[in-house]
Amino acid sequence: MIFYNPHGAPELACDHCGCRWVDRTNGAHCYECGEEITVDSIAEFQRALQELATKGPHPGGGTT
Ligand SMILES: [Zn+2]
């Protein structure tokens, strides 16, 4: 599960309980429920990060 913070940056969150306390230093497990974070979720998060790096922090192309 991917969340976007108010700055538009993606944050990886647990698929099972939705919390963002994900331990990525010891495998990839949720602090809250202990479920494993899937490689799909991590891959999605990496894509979101790359997309952010490509598009910049203001998705939508608004010129305000
Ligand atoms: Zn969880």
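Good morning. Among contacts in this chain between residues at least 6 apart in sequence, 28% join residues at least 24 apart. Please bear in mind that the model before you is predicted.

Let me begin with the overall layout. The chain contains four strands and one helix. Read from the N terminus, these elements follow the order β-β-β-β-α. Of the 64 residues in the chain, 11% are buried.

Which residues make up the largest nonpolar core? The core has seven residues in all, namely Leu12, Ala13, Cys14, Val22, Cys30, Ile37 and Phe45. I shall take two of its members, Ala13 and Cys30, in turn.

Ala13 is located in the loop that links β2, residues 10-12, to β3, residues 22-23. Why does Ala13 count as buried? Ala13 has 20 C-beta neighbours inside 10 Å, and a residue is buried if 20 or more lie within that distance. If we set aside neighbours within four places in sequence, the contacts of Ala13 are Met1, Ile2, Phe3, Gly18, Cys19, Arg20 and Val22. There is also a relation to Ile42, 29 residues away along the chain: the C-alpha atoms of Ala13 and Ile42 are separated by 9.3 Å.

Cys30 is the second core member I wish to show. Residues up to four places away in sequence are again not counted. On that basis Cys30 touches Cys14, His16, Cys17, Cys19, Trp21, Val22, Glu35 and Ile37. Among them, Cys14, Val22 and Ile37 belong to the core list given earlier.

Next, consider Ala28, in the loop between β3 and β4, the latter being residues 29-30. Is Ala28 buried or partly exposed? Ala28 counts as partly exposed because it has 17 C-beta neighbours inside 10 Å. Beyond four places in sequence, Ala28 is in contact with Val22, Glu36, Ile37 and Ile42. Thr38, 10 residues from Ala28 in sequence, is 7.8 Å from Ala28 in space, C-alpha to C-alpha.

I turn finally to the helix. Helix α1 comprises 17 residues, 39-55. At 1.5 Å a residue, α1 should span 24 Å, and its end C-alpha atoms are indeed 24 Å apart, so the two values agree. How many of the 17 residues of α1 are buried? The count is one, and the helix is hardly covered.

Leu49 is found in this helix. With 14 C-beta neighbours inside 10 Å, Leu49 counts as partly exposed. Pro10 is 39 residues from Leu49 in sequence, yet the two C-alpha atoms are 6.4 Å apart.

To close, I would leave you with two points. The largest nonpolar core includes Ala13 and Cys30, and helix α1 is hardly covered. Thank you.

Key:
Residues are numbered from 1 along each chain as its sequence is written. This is a predicted model: local features need pLDDT of at least 70, side-chain atom pairs count only at pLDDT 80 or more; totals for chains, interfaces and linings use all residues. A nonpolar core is a set of buried Ala, Val, Leu, Ile, Met, Phe, Trp, Tyr and Cys residues joined through C-beta atoms within 7 Å. A residue is buried if 20 or more other C-beta atoms lie within 10 Å of its own, exposed if 12 or fewer, and partly exposed in between; C-beta atoms are placed from the backbone. Two residues are in contact if their C-beta atoms, placed from the backbone, lie within 7 Å. Helices (H or I, at least four residues) and strands (E, at least two) are DSSP runs, numbered from the N terminus. The expected span of a helix is 1.5 Å times one less than its number of residues.
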